[in-house]
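Visitor: Let's skip the grand tour. Please pick one spot and walk me through it slowly, then show me another to set beside it.

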Amino acid sequence: MIKKLNDFDKTIYVCGFMASGKSTFGKALAKELGCDFIDLDKVIEKKEGKSIREIFRENGESYFRKIEFECLGALLRGFKGGVVALGGGALLNQEVVDNLKKYGLLVFVDTPMEVIVERVHKSEERPILFDDNGKIKSKETLFTELKTLYLKRAKLYKQAQITIKTPLFTSIQEMTKAAIDKITRHV
């Protein structure tokens, strides 16, 4: 139960594309609301005993998505009244979106592609950064691949009840305050 939101008893699910700032925002939001925070990627890493990149490299994306779906299902059933940062690809289909909205509140962190490309290019933990030979892709290649992937997922992200457009804010505190204002009006 989130006291600062008039005893809101559902979970706030933070969605968005990879490197959009979901975890940073989710942590700040949970802190401001005085509730628990869970990062779905960290849950998966703990369950599997390895990093997301290692899971992708050793078991492939389809295996990762299966584990992600299982972990998300467990959170839907067992975690209430907090904030969960989802992975960038956690919104696999309409059924997932519908369930998240039914049992919680879906918040979309909308970040410009140029910012995402810069963040991905700086993080060696992102599986998409590397080509089939293990070499780092150029920013141009990354931009094209990320944009294509984003366009496939955008219709699901955009169904969130609340959207936070990151370029409108100069700090995570401003972003969090705006989100709380929007959530308060929504609930």
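**Around Phe17**

Guide: Leaving out residues up to four places away in sequence, Phe17 touches Lys22, Gly88, Met113, Ile116, Leu146, Leu149, Tyr150, Arg153 and Tyr157, where contact means heavy atoms within 4.5 Å. Quick housekeeping: this is a predicted model, with local features needing pLDDT of at least 70, side-chain atom pairs counting only at pLDDT 80 or more, and totals for chains, interfaces and linings using all residues. Numbering runs from 1 along each chain as its sequence is written, and side-chain values use heavy atoms, with hydrogens and water left out.

Back to Phe17, which sits in the loop between strand 1 (11-15) and helix 1; helices (H or I, at least four residues) and strands (E, at least two) are DSSP runs numbered from the N terminus. Phe17 counts as buried because its relative accessible area is 1%, and the cut-off for buried is under 20% (1.4 Å probe, protein chains only). Take Leu146, one of the residues it touches: the two are 129 residues apart in sequence, yet their C-alpha atoms are 9.1 Å apart in space.

Now set Asp39 beside it, in strand 2 (residues 37-39). Asp39 is buried too, but has no salt bridge (a side-chain nitrogen of Lys or Arg within 4 Å of a carboxyl oxygen of Asp or Glu). Its nearest side chain of opposite charge, Lys42, is 5.6 Å away; Lys and Arg count as positive, Asp and Glu as negative, with His and the chain ends not counted. Beyond its neighbours within four places in sequence, Asp39 is in contact with Ser23 and Ala85.

Methods
Buried means under 20% relative accessible area, exposed over 50%, partly exposed in between (1.4 Å probe, protein chains only).
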